[in-house]
Number of protein chains: 2
Amino acid sequence: MAAQTSEDALRRALADRQAAVGAQAEAVRALKAAGAGASKADVDAAVEALKALKVEAGAAARRLQAAVGSGGGGGAAREEMRQAVVNTLERKLFYIPSFKIYRGVAGLYDYGPPGCAVKANVLAFWRQHFILEENMLEVDCPCVTPEIVLKASGHVEKFTDLMVKDEKTGTCYRADHLLKDYCKEKLDKDLTLSPEKATEFKYVLAVLDDLSVEELGAKLKEYGIVAPDTKNPLSDPYPFNLMFQTSIGPTGLNIGYMRPETAQGIFVNFKDLYYYNGQKLPFAAAQIGQAFRNEISPRQGLLRVREFTLAEIEHFVDPEDKSHPKFGDVADLEFLMFPRELQLSGESAKLVKLGEAVSKGTVNNETLGYFIGRVYLFLTRLGIDKDRLRFRQHLPNEMAHYAADCWDAEIECSYGWIECVGIADRSAYDLRAHSEKSGVPLVAHEKFSKPREVEKLVIVPSKKDLGLAFKGNQKMVVEALEAMSEKEAMDMKAALESKGETNFQVCTLGKDVVITKKMVSISMEKKLEHQRVFTPSVIEPSFGIGRIIYCLFEHSFYTRPSKSEEEQLNVFRFPPIVAPIKCTVFPLVKNQEFDDAAKVIAKELTTSGVSHIIDTTAISIGRRYARTDEIGVPFAVTVDSATSVTIRERDSKEQIRVDISEIASVVRQLTEGQSTWADVSAKYPSHVGPQGDQE
Amino acid sequence: MAAQTSEDALRRALADRQAAVGAQAEAVRALKAAGAGASKADVDAAVEALKALKVEAGAAARRLQAAVGSGGGGGAAREEMRQAVVNTLERKLFYIPSFKIYRGVAGLYDYGPPGCAVKANVLAFWRQHFILEENMLEVDCPCVTPEIVLKASGHVEKFTDLMVKDEKTGTCYRADHLLKDYCKEKLDKDLTLSPEKATEFKYVLAVLDDLSVEELGAKLKEYGIVAPDTKNPLSDPYPFNLMFQTSIGPTGLNIGYMRPETAQGIFVNFKDLYYYNGQKLPFAAAQIGQAFRNEISPRQGLLRVREFTLAEIEHFVDPEDKSHPKFGDVADLEFLMFPRELQLSGESAKLVKLGEAVSKGTVNNETLGYFIGRVYLFLTRLGIDKDRLRFRQHLPNEMAHYAADCWDAEIECSYGWIECVGIADRSAYDLRAHSEKSGVPLVAHEKFSKPREVEKLVIVPSKKDLGLAFKGNQKMVVEALEAMSEKEAMDMKAALESKGETNFQVCTLGKDVVITKKMVSISMEKKLEHQRVFTPSVIEPSFGIGRIIYCLFEHSFYTRPSKSEEEQLNVFRFPPIVAPIKCTVFPLVKNQEFDDAAKVIAKELTTSGVSHIIDTTAISIGRRYARTDEIGVPFAVTVDSATSVTIRERDSKEQIRVDISEIASVVRQLTEGQSTWADVSAKYPSHVGPQGDQE
């Protein structure tokens, strides 16, 4: 709210000063036009005043620029930082545009060796943290999916973005992106914008996702937005389905799509998984795999791509009991939460204790809360900065109509706050949709410990009497009678008992018929029920692995001066579980003895399952340290004797001396988390030797 | 050869006996037709003789049936065994047909929880055994691939199968499958087949993969093969491309395919990877990922599917030096090899020492041999039976024209010998193809330690003199002169020096021209070269992970009688590294004390990273053991006291007693391979308690 007001005030101040400049300039012109009628002194004074006003207006413009620059998520510093990270990532092959020698394809990226190792480590930790810890049922379904499945899920109809075409070249653009870019450009760069116009553009940005195709089209027209590359006119917007379509089998008749999410593979298997789990709820199934989204015009590097790895959990739970036995394990966690109320009142995210958020009802239920807590632990243990991580609740208009509650784990990076994990209570929507379409009931059963008595409406039409009365129409009358609600049936029962007959509307016949007492028997009967049959609710944490990894890259990156302070060196401070390589081995200088010792150490590291590289290039040890810091290797072993060697920790640059025989086990303990650097540096002598860090 | 001859002999014997039966039947008919002319005794004797001949013919038919049944890869026992495995696999959700509630899609399968865990374990071991052990560069590229990449690789043109259509219903079939089925059916079931016809069908089966589209069509016509489901006539065969096609981006103009293999993603990145590796050869890159093949009519369950996981290695090597420094590590391995010569002479695979196979030249080079050895170790450590594993060399007609040598690791299962890993020396083919298409040279450099002197042909046309003589044709003449081979140039030089001029054919002009001495200068000059530039060869081990896993399921499966011998119990003898769950924990009877102890153990197993389940269902311990054997869990911990518990080994059913405090570490050591069952059963007291195995 404060930021908003101050920006408005700055715009107002700038407008006032510009008006003053305009008025004074007019005055100067008038004086000059008066010719001899105005003294030179008067003119000079007026010009001086104009200059002073211009200086003031310039200052006001700079103040406004600074305010919108830092508030709008852009900013030169962010851009510069991003460039430094991205340059390092691409140069070191963390990731690269795919098919580069053929000039690439927008939205497709390869992970090179260190990126691929980071990804494998993140996924292994995900399996450990979620699947193993909670005994989840992991499944692995194909990417190619037949149309019927995605019709049931709603993707064939609704998984679309609105698109406009350059009317002359046919180039396609996302309609909302063009409108967003236009509004942002105006807000960030047009200093003459009136506060009213600024408010309007901000409103458009806020409601961008909710605009209908007609509203979006009208806005594009109103603002005169044209194709950005050619300035040609644009078509009206129309929906484009974002699924990659293909054809299964050779006939061309069987449409398939590359799955847009992995969740559907779990839903269609619910029945088998429920039986596998001994017909007990709650249980969770999980899947890691590729998903696809044929973006209209991808941008933002790894954050918006056409193919990506998802890791999704579907936790099935009784809708009448969403408590979680392990919620106590996470209730005391405190982190940034951004509930609806704070967003709507223009405030920022606040530190909240998870237990309180659930007990106050901010978070809908314990199970949803439990997963929010587990996601927080997962992300921070990976190395995401907790101060740049918040859990934002969906606003009512963002949420699907069936969802009970929905929170996104958003991570702040140079592109702004990015949704990386969605945690949604989707109620019974998905299972119901597939039950309906497939005809296979996807339900759970609660067996009662003793049968429960329930009252049930029983309607028994007398087919003989109905047949005599209605002949060929009998079937329609019977169906209409059986379909009566409890209220309708009880009303009819009362009418038949008092009057002996009653009028009854049969929609399928389009008319009323007369029903007599002997034609139907209606009663409420008590029945014993042995179980409750219901569709489970599903709580879905869904992880965009590529986005998490990109944010992790930004959060882990820093620079520090070289020893000579001549250049800035890049470092990734990955925790050992994430680091692409756990350890490098350097013979200090090139000689047979050191090389042999290095080989012995490498062999033992392999046996211990510690990934490592040997760097025997003949450059200085400082250069080699810098090279290894740049891909985030946490530990470096320098071989400077044949009996004991040093281990250097990446961020502190401290070194300890350890016997060769112990090296592999010390490094393994460090990388697997059984001991910390503090533990081992207390145990082993520290080393301050001639082998300088960066020269 | 022996098998072949004996089958021929049996067919001949059967044909002879059937001819004898026919002749005798004719004699009987003649005797009976003669009426009173033949005595009853004669008729009876002839009938008896006919019966005896029929018995003989029947025996001959059974002998033939047995011979073809066991030799043909079919056989009732195999079918039965497969059914038992597949039933267990599907019931326990190792795998299930995808989208089952929508009646599935042929060739698409899901891995359920235990199958998914087995797959993850196989891939983790693959990473350890290949990538970590050899410091390979792992990459991760998208499945969606633009057309240009797959044009360069040849897939757009050649990745096809021949298809025929039912002319009335449009149903599609693989042409070679119909021909194969016809020939096999005849060979297996038609006992009246003449040895000549049998030989013909066998020949067709042998050359099936080499038949041209015309030859295949002619054979289908010759044998009168019709659509198997409808008996309708079939179309002529025509090629169908097996890639799933899609469209990248919204314009519909940018064709893409789902990759048919992961290798191309590595080839197009060769340049970056070579620099990443410090411009040194050899090095290997590897990729694990989904690949796609739009089969015409998939069959054989998990063995022929439309989407599958590949794990591929591309090892780049100097074509002039294919030695391997670690070949010695595998040279002493001895296993079944099936080189070309043995196949062509009709013999079987033989035990061969790998070192000898390479030194004798059976295997083309050490690097190829090294990978064959590593693949052998990988598969047998997973649990593949070494007696049902062979390395079969491609016959010359099977191999791509550019390949130097190619071996398949074939595993025998109920479907016969199945290609599971291909290990090919693909020479420089792939890198050259992408260099040409992209214009980016994918080459390596060998820097000479000192420059080498080479003689080079230098041709310098005098453009001025040629221009005067040939005007507009000058360019063509210059190009033709510059394109001369060393021999042509030297001949011209001699002619010009002796005669001053010479005739010279310019193809692009379609005529001879006269070249004079001053028009061109030709010489051999000595030059210093500092490096050699060459296209590396690539050796490619390519693993079909799903096929390996299916064969592993069959090789690991066995049944044993329950204690009461009333039923057969299913067991998978997975080694611990493969087992989907390492350990189950059972409280012997339901009480709080045992349940609490079980929870403590479970928590410690989780901390140690050992996957496990607790089974607290109230059924007998014997039943619970059987349930856990059926998904191949190697160790079961039974809680029968609050201080010490038992561990049972799956296959021996032996039990030892271990303190609760030690359980997690003992199980971890067993499952990670630091100790064997023999080690721990020597160390801890054995237990022969009341808790019976299968009741």
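A cavity is here a set of grid points where a 1.4 Å probe fits but cannot get out. In this predicted model, the count comes to 4 cavities of 30 Å³ or more. The largest cavity holds about 190 Å³ of space. It is lined by 16 residues, of which Tyr109(B), Tyr111(B), Val305(B), Glu307(B) and Phe308(B) are the closest to its centre. Two or more lining residues come from each of strand E2 (109–111), strand E11 (307–317) and helix H19 (545–556) of chain B. E11(B) makes the greatest contribution to this lining, with 3 residues. By class, the lining of the largest cavity comprises 9 nonpolar, 4 polar and 3 charged residues.

The second largest cavity has a volume of about 60 Å³. Its lining draws on both chains: Cys141(A), Pro142(A), Thr145(A), Leu150(A), Arg259(A), Pro260(A), Glu261(A), Thr262(A), Gln264(A) and Gly265(A) are joined by Phe99(B). Of these lining residues, 5 are nonpolar, 4 polar and 2 charged.

The arrangement of the two chains was examined by superposition. A turn of 179 degrees, with a shift of 0.1 Å along the axis, lays chain B on chain A with an RMSD of 0.4 Å. The chains are therefore related by a two-fold axis. Within chain B, the residue that comes closest to the rotation axis is Thr246(B), whose C-alpha lies at 2.6 Å. Both copies use the same surface, as 97% of the contact residues of chain B recur in chain A.

How values were computed: Residues numbered from 1 in each chain as written. Chains lettered and ligands numbered in written order. Predicted model: local features only at pLDDT ≥ 70, side-chain atom pairs only at ≥ 80, totals over all residues. Heavy atoms only, no water. 1 Å grid on protein atoms, 1.4 Å probe; cavity = no way out; pocket = protein on both sides within 12 Å on 5 of 7 lines; lining within 4 Å. Points joined across faces, edges and corners; volume = space filled by probe spheres on them. Helix = DSSP H or I, 4+ residues; strand = E, 2+ residues; numbered from the N terminus. Nonpolar A, V, L, I, M, F, W, Y, C, P; charged D, E, K, R; others polar. Least-squares fit on C-alpha atoms with pLDDT ≥ 70 in both. Contact = heavy atoms within 4.5 Å.
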